[in-house]
Each structure stands twice: as structure tokens, then as C-alpha cells.
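Visitor: I would like a close look at the contacts between side chains in this model. Please take one part and stay with it before moving outwards.

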Amino acid sequence: MSNAAAPEQGLPEQELDVPALQAWLQQHIPGFQGPLEISRFAGGQSNPTYRLRTPRKSYVLRRKPPGVLLKGAHAIEREARVLMALANTQVPVPHVYGLCTDEQVIGSWFYVMDMVEGRVFWDASFSDVPANERAAYMDAMNEVLARLHQVDYAAIGLADYGKTGGYVARQIQRWSGQYQNDQDAGRHPAMDALVEWLPKHIPAADQVAITHGDFRADNMIFHPSEPRVLAVLDWELSTLGDPLADFAYHAMMFRMPSDILGGIAGVDLQAAGLPDEAAYVQAYCKRVGIEGIKDLDFYIIFNMFRFAAILHGIKARSVRGTASSANAKEMGDRFQRVADLAWAQVERANQRAASH
């Protein structure tokens with residue numbers, strides 16, 4: 001996979017009102033000067049994302065997609081808020097210049113931030129760097145996520161960024177509801193079984209931290225030549241939630257195939273210079289000061305379920321013709337595979353429990 005940033009596409013006619021946007025940028029970005037050249041990043045299942053080039057520097061614009069949106073989805077105002085709140089913490093994020101909630105400007109809400117130049121890795125195997133450096137790249141991700149989970153969210157003005165407590169139960173209810181209420185993408189037996197199984201197995205532990213919700217290699221910009229994260233992107237699913245669930249979503253890469261979320265299941269980790277799941281979990285636990293994650297299997301099953309529900313939504317948007325990404329159909333078609341993978345984890349966890 002290439003470690004260049006996401007490929008860019010030319011801007012379709014009338015997709016953005018360029019003069020109106022340029023006027024907004026001049027008002028909100030100190031020293032902004034056109035002319036403005038705009039291209040759209042490929043990918044991005046949810047919120048269309050654009051590079052804004054000027055002779056002096058580049059910026060990034062994220063917007064809500066046009067059309068009828070699911071309640072609570074595409075919350076770019078939350079993305080902008082969490083990025084601004086994290087600006088003075090140990091978590092690397094791009095600088096945000098402003099959020100526009102006036103739909104008259106380009107037709108939907110948007111925010112503009114700095115374009116952080118660096119490398120994007122499309123899978124967690126870091127196959128584009130020498131094998132003896134890959135563990136350091138993995139560890140850089142681990143360290144940034146541990147830092148995020150240790151941020152005092154109240155001290156940076158995010159005490160009301162989500163409900164405190166009951167995160168996993170609410171998420172199960174939310175995604176079960178979205179799956180069951182959206183008929184367009186159909187049903188699947190493994191997903192139906194997960195909807196029933198998950199609420200009965202929620203762990204008692206209920207910590208609260210800022211959670212990213214989609215923390216993986218390709219949502220980060222790495223330094224051009226060092227194993228260092230310069231910016232964490234795509235905060236649309238962030239909230240106050242359970243940090244163990246957030247970490248498990250990230251650690252899910254060890255149990256996902258390479259064509260789903262750039263997973264590393266099936267990779268010879270030792271030969272590839274990568275840590276195994278147990279070592280990676282231990283590194284995180286040491287950083288946040290806990291002994292281990294007793295319910296890791298549950299949290300990974302929960303995250304696979306949540307991801308399957310997201311894919312189900314993408315599939316439904318593809319069926320309705322409202323998906324913002326060209327590869328939405330391909331993504332949506334993975335829904336059943338991810339649900340099957342999640343149910344296979346349930347069976348594996350049951351076997352392990354029975355053998356103890």
C-alpha cells in the first residue's frame with residue numbers, strides 16, 4: 001500500500017460555491033490569500049473532505065454530506081469541538097480555524113483546519129517501512145491512544161461531551177436500533193445473534209475518558225521520516241466513553257484481515273517485525289497504569305459488531321444512492337463478513353471459557 005496521503009480528485013462542477021467559501025475563509029483565517037484551488041480526497045465514507053490550496057499554504061475542509069441525514073450522524077461540529085479542546089494537550093491534532101454552521105455558504109455545515117503534511121499508512125503492518133522500524137510505528141500509535149485516554153476531559157472543557165457511564169450499553173442499543181430500523185440493507189443471522197448476545201455480557205467495569213471511536217493507522221498523519229504521530233484525524237465518532245472499548249477497537253487490527261480496516265490477522269508478526277496482541281495490550285496497560293484487560297474478548301466482539309452496524313449503514317446509503325464515497329458499495333458488502341467474524345469471536349471466547 002502507498003504511504004502517500006489519500007488520493008485526490010478534481011472537484012465536480014457546483015459541488016462547492018467557491019466564491020462564497022473564499023469569502024468565509026478570508027474572514028476566518030488570519031492572513032488568508034487566494035487564489036483558491038480545491039480538490040476532494042478520495043475515500044471518506046461519511047464526511048466529504050477537501051484540500052484547499054493557496055499559494056502560501058494548504059488547508060483541509062470537512063463538511064456534512066448533503067441530503068437527509070441520520071440523527072446524530074455526520075456530527076462535524078463535534079469533530080471541530082474536540083480538535084479545538086485537544087489543541088493544548090499531549091494529543092497531536094491539526095489546528096482548527098473555525099466551524100461554519102451557516103448552510104448558505106456551501107450548502108452544509110463545515111470546518112476548516114490546517115493540512116498536516118506527512119505520511120498516511122493504509123494498514124497496520126507498516127509494510128512501507130523497514131521491518132526493524134515497524135514496532136516503533138506501532139508503539140507510537142499505542143502511546144498516542146494512551147495519552148488521549150489520560151486527558152482530563154473536564155479540565156479542557158469537555159465535561160458535557162458525552163454521558164458519563166453506561167457507554168457500552170448505550171452503544172449496543174444505538175447500533176442495534178440503527179441496524180434493526182434500517183431495512184434497506186437487509187438482515188444477517190450473525191448480526192441478529194450479536195444483538196441478542198451482547199447486552200447479556202457487558203462487563204461491570206465502567207471507566208470514562210475521551211474516546212476517539214475510530215483509532216487506526218490510516219486515521220493518523222505520521223512524521224515524514226520518523227515513527228511519530230503528527231496528527232490524529234477523523235474524530236466523528238469521538239465522545240466520552242469507555243477507554244477499554246476504544247483501545248479494543250484499535251487492537252481489533254490483530255483479529256481483522258488485511259482487506260478490512262487494514263488488519264494484520266494472518267500476518268507472521270515476528271517475521272514482519274510487529275508485536276503480538278498480548279505485547280501490544282501490555283504496552284498500553286503499562287502506559288495507563290492498569291494490570292490488564294480481563295474482558296478484552298468482549299470489547300473486541302462489541303467493536304466488531306459496532307463496525308458491522310456502521311458497514312450496514314453504508315450499505316443502506318449505497319442502496320438509497322446517498323453514500324458520499326465511490327467505494328461505498330464495496331464497503332457495505334463487507335457488513336456480513338464482519339458480523340460473521342464477530343460471531344466467530346463469541347464462539348472462540350466460549351471455547352476458551354469452557355477449557356478453563
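How many salt bridges does a search of the whole structure find, and which residues do they join?

Guide: The model is a predicted one. A search of the whole structure finds 19 salt bridges. In general terms, side chains of opposite charge can pair when their charged atoms come close.

Begin with Glu117 and Arg51, whose side chains meet in a salt bridge at 3.5 Å, N to O. The two residues belong to distant parts of the chain, 66 residues apart: Glu117 is in the loop between strand 6 and helix 3, and Arg51 is in strand 3, residues 49–53. Their surroundings can be read from the accessible area. Glu117 has a relative accessibility of 48% and therefore counts as partly exposed, since that class runs up to 50%. Arg51 has 9%, which is under the 20% limit, so Arg51 counts as buried.

A second salt bridge joins Asp182 and Arg320, with 2.9 Å between the closest N and O atoms. Asp182 sits in the loop between helix 4 (167–181) and helix 5 (189–197), while Arg320 is in helix 9, so this pair ties together parts that are 138 residues apart in sequence. Asp182, at 11% relative accessibility, counts as buried, whereas Arg320, at 39%, counts as partly exposed.

In a third salt bridge the side chains of Arg337 and Asp259 meet at 2.8 Å, N to O. Because Arg337 lies in helix 11 and Asp259 in the loop between helix 6 and helix 7, parts 78 residues apart in sequence are tied together by the pair. Arg337 is partly exposed, with a relative accessible area of 38%. Asp259 also counts as partly exposed, at 35% relative accessibility.

The loop that holds Asp259, between helix 6 and helix 7, has a backbone feature as well. Leu261 is placed in the loop between helix 6 (243–251) and helix 7 (269–272). Leu261 is not a glycine, yet its phi is positive, at about 55°.

Salt bridges also form a network, which links Arg255, Glu277, Asp297 and Arg352. Two of its members, Asp297 and Arg352, are found in the lining of the second largest pocket. Among the other lining residues are Trp197, His201, Lys294, Asp295 and Phe298. By class, this lining has 4 charged, 4 nonpolar and 2 polar residues. Helix 9 (296–320) and helix 11 (335–355) each supply at least two of the lining residues. The largest share, 4 residues, comes from helix 11. The space in this pocket is about 210 Å³.

Back at the loop between strand 6 and helix 3, where Glu117 lies, there are aromatic contacts to consider. The whole structure holds 16 aromatic pairs. In one of them, Phe121 and Phe222 have ring centres 5.3 Å apart and ring planes at 80°, so the pair is edge-to-face, the class for planes over 60 degrees apart. This pair links distant parts of the chain: Phe121 is in the loop between strand 6 and helix 3, and Phe222 is in strand 8, residues 220–222, 101 residues apart. Phe121 and Phe222 are both buried. They belong to one aromatic cluster together with Phe126 and Tyr137.

Phe126 is placed in the loop between strand 6 (110–114) and helix 3 (131–149). The phi of Phe126 is near 50°, a positive value in a residue other than glycine. With a relative accessible area of 0%, Phe126 is buried.

Arginine side chains also meet aromatic rings. Arg187 lies over the face of Tyr179, at 4.4 Å from the ring centre. Arg306 lies over the face of Tyr249, and here the distance from the ring centre is 5.2 Å.

One further backbone feature concerns Gly34 and Pro35, which are joined by a cis peptide bond with omega about 0°. Pro35 is placed in the loop between helix 1 (18–28) and strand 2 (37–41).

Notes:
Residues are numbered from 1 along each chain as its sequence is written. This is a predicted model: local features need pLDDT of at least 70, side-chain atom pairs count only at pLDDT 80 or more; totals for chains, interfaces and linings use all residues. Side-chain values use heavy atoms; hydrogens and water are left out. On a 1 Å grid over the protein atoms alone, a cavity is a set of points where a 1.4 Å probe fits but cannot get out, and a pocket is an open set with protein on both sides within 12 Å along at least five of seven lines; lining residues have an atom within 4 Å of a point. Grid points are joined across faces, edges and corners, and a volume is the space filled by probe spheres set on the points. Ala, Val, Leu, Ile, Met, Phe, Trp, Tyr, Cys and Pro count as nonpolar, Asp, Glu, Lys and Arg as charged, and the others, Gly among them, as polar. Buried means under 20% relative accessible area, exposed over 50%, partly exposed in between (1.4 Å probe, protein chains only). Rings of Phe, Tyr and Trp (its six-membered ring) pair if their centres lie within 6.5 Å; planes under 30 degrees apart count as stacked, over 60 as edge-to-face and the rest as tilted. A charge sits over a ring if NZ of Lys or CZ of Arg is within 6 Å of the ring centre and within 35 degrees of the ring normal. A salt bridge is a side-chain nitrogen of Lys or Arg within 4 Å of a carboxyl oxygen of Asp or Glu.
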